Amino acid sequence: MNALPHGAEAPSAWVQRWSHLVRPGGTVLDVACGQGRHLRWFAQRGHPVTGVDRSPEAVAAAAALGTAIEADIENGPWPLMRGGQAQRFDAVIVTNYLWRALFPTLLASLTPGGILIYETFTAGNETVGKPSRPDFLLQPGELLRVCAGLRVVAYENGYLAMPERYVQRIVAVNETGVSTAGAPLRYSL
């Protein structure tokens, strides 16, 4: 059985489930976007999309959906800087990718009210397949610690049977600078 190229498969169920939290018409950044499965999902819902990937083939495929940037974000500068600061988006999406040094940049890339939707492999995955190296696996509660300054709307850490894998995933909102006028913000589950 031939596997689809990274980013060409169906959008993550986690991303689909929480995409309604992105404000209508809000800008979306997909980090390590592959062929653009999440770019396609959001573009079809009227969101301007930007994807970053190091693969020229992936960027060429994703370019038809919005802005696609070829960059090696592990060995080079963050390609989305403006005036010395990270360009900001209403949503930052990351799936099946982990580069811990990028966490502060991802959080700085969220607008006030911006949503982080993150899902990747976690400790335990080494027992069922790849990735299996500890530097590619989140530690228990790691995304909660990374998002300590954000409002966590949803978090899961555990085993999925189809396909077999261990994942950790989070949805968190940057409420910094968001006016609530005394009423709590509502994030529909």
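This short presentation concerns two arginines of strand S9, Arg-165 and Arg-169, and some aromatic features. Please keep in mind that the model is predicted.

I begin with Arg-169, which is found in strand S9. Is Arg-169 buried or exposed? Its relative accessibility is 11%, and because buried means under 20%, Arg-169 counts as buried. Which side chains does Arg-169 meet through polar contacts? One is Glu-119, joined to the side chain of Arg-169 by a polar contact of 2.7 Å. Another is Glu-156, whose side chain makes a polar contact of 2.8 Å with that of Arg-169. Beyond its neighbours within four places in sequence, Arg-169 is in contact with several further residues, including Trp-14, Tyr-118, Leu-143 and Tyr-155. As for Gly-84, it is 85 residues from Arg-169 in sequence, and their C-alpha atoms are 30 Å apart.

I turn now to Arg-165, which also has its place in strand S9, residues 164-173. Arg-165 is buried, yet it has no salt bridge. The nearest side chain of opposite charge is that of Glu-119, at 4.4 Å. A salt bridge requires a distance within 4 Å, and therefore this pair does not qualify. A polar atom of the Arg-165 side chain does lie 3.4 Å from the backbone oxygen of Met-162. Setting aside residues up to four places away in sequence, Arg-165 touches Glu-119, Phe-121, Asn-125, Val-128, Gly-158, Tyr-159 and Leu-160. Glu-119 is thus among the contacts of Arg-165 and also among those of Arg-169.

Finally, the aromatic residues. The structure holds three aromatic pairs. In addition, the charged end of Arg-45 sits over the ring of Trp-41, 3.2 Å from the ring centre.

Technical notes. Residues numbered from 1 in each chain as written. Predicted model: local features only at pLDDT ≥ 70, side-chain atom pairs only at ≥ 80, totals over all residues. Heavy atoms only, no water. Phe/Tyr/Trp six-rings, centres within 6.5 Å; stacked < 30°, edge-to-face > 60°. Lys NZ or Arg CZ within 6 Å of the ring centre and 35° of its normal. Helix = DSSP H or I, 4+ residues; strand = E, 2+ residues; numbered from the N terminus. Buried < 20%, exposed > 50% of the residue type's maximum accessible area, 1.4 Å probe, protein only. Lys, Arg positive; Asp, Glu negative; His and termini not counted. Polar contact = N/O pair within 3.5 Å; in protein donor to acceptor, adjacent residues only side chain to side chain. Contact = heavy atoms within 4.5 Å.
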